[in-house]
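Please look at the sequence and the three-dimensional structure shown below. The paragraphs that follow lead through the structure step by step.

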Amino acid sequence: MYSHGSESLIKQARDIQESELQKFYSRLLKLLQGKDLGHEAVDSLQRLHLILSATKFTRKLPLELHKKIFSLISSPSEQFQILGSSVLRETLPLSDQDVNYIQNNPSVLNSHVTGLLLAHASYTTVLTLFCAQLVRSLESRHSEALSHSQTYTLPILNSILTHRPECLTEEQVTILSKKLVDWLRYASITQAASPGGFFSGSRSRQPCPIAELDGTVSGDFFTVLCVGQGFTEDQWMNVHSFSILRNWLLTYHSVSNCNSASDAADDRSVDGSVISIVSATSSSSRVLPPKERLREKSFQYCQRLIEQSDRKAQKKADSDLQKACLVEAVCILDTLCLEDCSLVYRAFPCIKALYGRLSSDLSHARVLLPVAQFYLNHGEMAAVDCECMWQLVFSRFPAELFNDPLLAHEFLRFVRQNIQNLPVKVPQYTRSFPNLLKFLAWDSPAMIDDFVDLLPSVVTTGTALELLHTLLDLPCLSATLVLQQRSVLFPITEPNTRCIKALDAFRNPTFRGFFLFLLRNEAGSGDTIDRLSVLHELLIESADWPRVVQCAQTVPVLLHIFFNTVLKVADEKLLAQLILVQLERSSLLLKVPNYMNEIHRVFSYHLLKLCKLHPSLVVDQSHELLDFAGTTSNVYNKEELYTHVVWVLGEYLSLSCDSRCSVRHITSCFEALEAVLFEITSSAPPPGGMCPNPRVITTLMSALAKLASRSHDLIPRVSLFLSKLRTVSRSGSVAWCSDDDDLVAIVTRGEELWSLLKTPGVAQSVLTPPPHVTKPQWHKDSNVAMPLRLQTLTSLMQPQ
């Protein structure tokens, strides 16, 4: 959602009048005609982009203004290139004159202009011509000035390959694959010559060899982890090639699918093929086809990067670069092994050694996630024991790094990408939900979308009960994580420290078991805490903490997903246990503002859904449901849930729903509901309490009437109460209803039920209609005339 300020700006942009817009166009044109474009021009272009993008209508800019903005795409300032292309994307497609200008001036083609052309499907022909020009420029020998543009050409071609593979031909992809091999493997191993100065001798201008990050001289080919005082053009292309390599390997197959299969014989990578065997054993890959050769050189490049990462970097920035390159290298190796299975046996020793080196240091957690992906994809094929890997990923990562937002994002992305494989290949996954939910408990707004997708994957018959309790206790987990962090920050409680009581409780050995249970790593140690009310008292001051309040707001969303999923996997025994949990936990919740009401609303909705799908659950759990419905305090404290429980009892406690339903069941339910209805309508509400909701009273009356219609001996008792209700209402106001309109509605409902019960047969057919009445299927019944009528009407309406 947008902030209030953002919404205000968007509203202003949408409500701008045409006259005011024309004046703004004129002011902006004058600004752009100036020699120096400053901050005012930037602000005006940003405002123009907001105006154009805030409405669904495509606007047309004045011709002069369009020309000036179009000229910005070739501006030396990248900021104006971005603004110009962003504004043009929100307008009508470029004119033929603009497209011809770009086509005749390849020098203006940058990534922003490419994005502008990619946004319109009609420019496919133009992009095809550009691709041919760009590939020719890469293939030919360049002057120093022209070769500088190669660093821009490669990302542009990569973008076109990703979004419009039909613009490239198989021949062009082959040429580019060869160039990538040259840049990756055969870049210069000496530093670029320094320009020198007046006092510099010829000795100082001699090219020096490149160095490793620890300062030693590099003894192998150049990679992105090599350092020097300056870099040659082919070394820069080496860096750019590595940056696009993974995407290139993932997408260049789409070209052969779209255009031609001329290189199909050159790209055999299936198990047992001659090419795969050669690529795995040959010391020289020059005999390989271009794509196979690119895979081989990419494999060597990534292996060298992993070796280089073992060196101790002298600067923190270089250490961060090592981690980033490790992530990319492992991902590329994973991609290569997915393409050619024979590479798995060559890659796994390197990956396994990398895991052994980094697994003890959680600062490399982001690197270990791609390693985990590699284990998941290829561990079974390589017959490697992955138990330690999954223990690290699903146990230590969430438990110790839940407050790292970047790791949390990448960890949950890893889970979402493998949502189909994890429950099958990783036994710990479905039991790890107490740990996974720590990410959500700590940063609910940022993580809710991820958990909406992954929650169904951990719902099984074995985890459903504990998962339901864990979701309901999620605000408690959020408060506990806050206490854990503050306990580390404030080893000794200071008098002015907030949450002093909760911190003392967190450190108290008496209550330590509560918090350890909430912080458990795996499911299976129990469904919930025996003394939940004690825990809620200890955490009462956390009810208004922002992190806890935000966490509580996500629980209803997850509960809807949980119940919708559990219906697909649970049997009636489990569903019966879930109903018991709903009744039990309806009062055992952390008192976060509005939290209990929202949970009751979710429980009510899904209680009706469960009982509608499985009416026999009402008879199975009649004792517990009657205990809940027979407690008068629930009328005032749990109005929403109580109303639905009473309705379920009146609707499904019937012989037509379950053959086990006896007169004893009906009579005991009737007496319990009758006692509650008599109590709340014969006395004033408790001190400080409100009058019972009229919907509760009418639901109780309807339930009693339904039960009486199924056991006619009970009809006189209901009729007596309804007649007394009419008499009492005539005497004036009553203590249990403060609103006259509500009282009239209650009395009217009572009179309707009284009239029905005078004729028991009619009452039963109206209050408990048979299935063929509630769900008619006359169009399928051959014993009635409806099918014939439908056929006649159909023949009359259909044209001859």
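In this predicted model, a search of the whole structure finds 0 disulfides. C388 takes part in none, and the nearest cysteine sulfur, that of C386, lies 9.6 Å away. A disulfide is a covalent bond between the sulfur atoms of two cysteines. The cut-off for such a pair is 2.5 Å, so a distance of 9.6 Å does not qualify. Cysteines of this chain may also be examined for their exposure to the surroundings. C388 counts as exposed because its relative accessibility is 52%, and the limit for that class is over 50%. C611, in contrast, counts as buried, because its relative accessibility is 1%.

The next topic is the chain as a whole. Its secondary structure comes to 42 helices and 0 strands. The protein chain has 800 residues, of which 49% count as buried. About 39200 Å² of the chain is exposed, and carbon and sulfur atoms supply 54% of that area. Among the contacts with a separation of 6 or more, 73% join residues that stand 24 or more positions apart.

How confident is the predictor in this chain? The average pLDDT of the protein chain is 84, and 88% of the residues score at least 70. Two of the stretches deserve caution when the model is read. Over residues 143–148 the pLDDT stays under 50, and the model has 3 contacts beyond four places in sequence for this stretch. Over residues 260–286 the pLDDT also stays under 50, and here the model has 46 contacts beyond four places in sequence.

One helix can now be followed in detail. Helix α19 covers residues 387–401, which is 15 residues. From its first C-alpha to its last it reaches 20 Å, close to the 21 Å expected at 1.5 Å a residue. The buried residues of α19 include M389, W390, L392, V393, F394 and F397. What covers the buried residues of this helix includes α17 (344–358), α18 (365–378), α20 (405–417), α21 (422–425) and α22 (433–442).

In soluble globular proteins, nonpolar side chains tend to be buried together. The largest nonpolar core of this model has 247 residues, and F394 and F562 touch the most other members. Helix α29 (residues 546–569) gives the largest share of this core, with 10 residues. Which residues does F394 touch, not counting those up to four places away in sequence? They are F411, F414, V415, L422, V426, Y429, S432, N435 and L436.

Two further residues show how a side chain's surroundings can be described. R304 has its place in helix α15 (residues 290–308). Is R304 buried or exposed? R304 is buried, because its relative accessible area of 6% is under the 20% limit. Leaving aside neighbours within four places in sequence, R304 is in contact with E212, S218, D220, F221, T223 and C226.

N377 is found in helix α18. With 25% relative accessibility, N377 counts as partly exposed, because this value falls between the limits of 20% and 50%. Apart from its neighbours within four places in sequence, N377 is in contact with D334 and L338. N377 and V344 are 33 residues apart in sequence, while their C-alpha atoms are 10.0 Å apart in space.

Note on methods
Residues numbered from 1 in each chain as written. Predicted model: local features only at pLDDT ≥ 70, side-chain atom pairs only at ≥ 80, totals over all residues. Heavy atoms only, no water. Helix = DSSP H or I, 4+ residues; strand = E, 2+ residues; numbered from the N terminus. Expected span 1.5 Å × (residues − 1). Buried < 20%, exposed > 50% of the residue type's maximum accessible area, 1.4 Å probe, protein only. Contact = heavy atoms within 4.5 Å. Areas by Shrake-Rupley, 256 points an atom, 1.4 Å probe, with all protein chains shown as cover. Core = buried A, V, L, I, M, F, W, Y, C linked by side-chain atoms within 4.5 Å. pLDDT = per-residue confidence, 0-100.
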